[in-house]
Amino acid sequence: MSKHMLGAALFAVAAAGLAGGSASAAMMHGKSVMVGGAPMLPSKNIIENAVNSKDHTTLVAAVKAAGLVDTLSGPGPFTVFAPTNEAFAKLPAGTVESLVKPENKGTLTTILTYHVVSGTMDSKAIAAAIKAGKGKAMLHTVQGGDLTASMSGGKLVLTDAKGGTSTVTIKDVYQSNGVIHVVDTVLMPQ
């Protein structure tokens, strides 16, 4: 193999590793994970990154309406299960519009903080907790309720207090104050 071919092969292996690898591997290389068409820079906090994701405009609007911007911009660390716009669209018609009204701030805050776990729990830590729990891990949320984490078909699935499930679609999006896992369904507390 010539030097040129060896170099090309090594580049291909490295590129494949980055494309299929974890966010932590990307972080080690100074790269960011793309979410909603925008790079999620590990040097920025949860809010600074979320506002750039076109898939999370509803979540950002809800976080602003609930007055949680300062909290999620703080040092944390936090683990956030971030529902996409499509996840919010699965809710019954008019739900989001109702939740962002000032009189429903308490309910909105309860729902949003149910998506936040104190500390940084990346997919490795959650997988270890699931293994230790013999297939299930209870994640205590900032709201006070618990989420049940389990694996299904090689994907991380969360079950909420009402029995609804949400699948992590993008894992390990590291932030300066924690980690985000993108989820496909809004989680509902008791």
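In the hairpin formed by β6 and β7, two residues separate the strands, and G153 adopts a positive phi near 60 degrees. The model in which this turn appears is a predicted one. Strand β6 covers residues 146-152 and strand β7 residues 155-159, and the two run antiparallel to each other, joined over five bridges. One of the pairings in this ladder can be followed by eye: T148 has T159 of β7 as its bridge partner.

A second hairpin follows, made by β7 and β8, this time with five residues between the strands. Its turn holds G163, whose phi is also positive, at about 90 degrees. Strand β8 takes in residues 165-175 and pairs with β7 in the antiparallel sense over three bridges. Here L158 stands opposite S166 of β8.

Positive phi values are found at residues other than glycine as well, and D172 and K134 make an instructive pair. D172 belongs to strand β8, and its phi is positive, about 55 degrees, although the residue is not a glycine. With a relative accessible area of 3%, D172 falls below the 20% cut-off and is therefore buried. K134, likewise not a glycine, has a positive phi of about 55 degrees. K134, however, sits in the loop that links α9 to β5 (137-140). Its relative accessible area of 79% is over the 50% cut-off, so K134 counts as exposed. The loop residue can also be placed relative to the first hairpin: the C-alpha atoms of K134 and S150 are 9.5 Å apart, with a separation of 16 residues along the chain.

D172 appears again among the contacts of S123. This serine lies in helix α9, which spans residues 123-132. S123 has a relative accessibility of 18% and is buried because this value is under 20%. Once neighbours within four places in sequence are set aside, S123 touches K171, D172 and H181.

Turning to the interior as a whole, buried residues account for 41% of the 190 residues in the protein, which contains nine helices and nine strands. Of the contacts with a separation of 6 or more, 60% involve residues 24 or more positions apart. In soluble globular proteins, nonpolar side chains tend to be buried together. The largest nonpolar core of this model comprises 28 residues, and V63, L72, V80, L112 and I180 have the most contacts inside it. A further core, apart from the largest one, has 15 residues, including M121, I130, L139 and L187.

Two of the highly connected residues can be described in more detail. V80 is in contact with I46, L72, H115, V116, V179, I180 and H181, leaving out residues up to four places away in sequence. L112 is one of the buried residues of helix α8 (residues 105-113), together with L108, I111 and T113. The buried residues of this helix pack against α4 (57-65), α7 (95-99) and β4 (116-118).

I180 links the largest core with the lining of the largest cavity. The structure holds two cavities of 30 Å³ or more, and the largest cavity contains about 60 Å³ of space. Which residues line the largest cavity? They are V35, M40, N49, A50, S53, H56, L59, A82, V173, I180 and V182. Both α3 (46-50) and β9 (178-183) contribute at least two residues each to this lining. By residue class, the lining of the largest cavity has eight nonpolar and three polar members, and no charged ones.

A final backbone feature concerns a proline. The peptide bond between G76 and P77 is cis, with omega about 0 degrees. P77 is located in the loop between α5 (69-73) and β3 (78-83).

Terms used. Residues numbered from 1 in each chain as written. Predicted model: local features only at pLDDT ≥ 70, side-chain atom pairs only at ≥ 80, totals over all residues. Heavy atoms only, no water. Helix = DSSP H or I, 4+ residues; strand = E, 2+ residues; numbered from the N terminus. Buried < 20%, exposed > 50% of the residue type's maximum accessible area, 1.4 Å probe, protein only. Contact = heavy atoms within 4.5 Å. Core = buried A, V, L, I, M, F, W, Y, C linked by side-chain atoms within 4.5 Å. Pairing = 2+ DSSP bridges. 1 Å grid on protein atoms, 1.4 Å probe; cavity = no way out; pocket = protein on both sides within 12 Å on 5 of 7 lines; lining within 4 Å. Points joined across faces, edges and corners; volume = space filled by probe spheres on them. Nonpolar A, V, L, I, M, F, W, Y, C, P; charged D, E, K, R; others polar.
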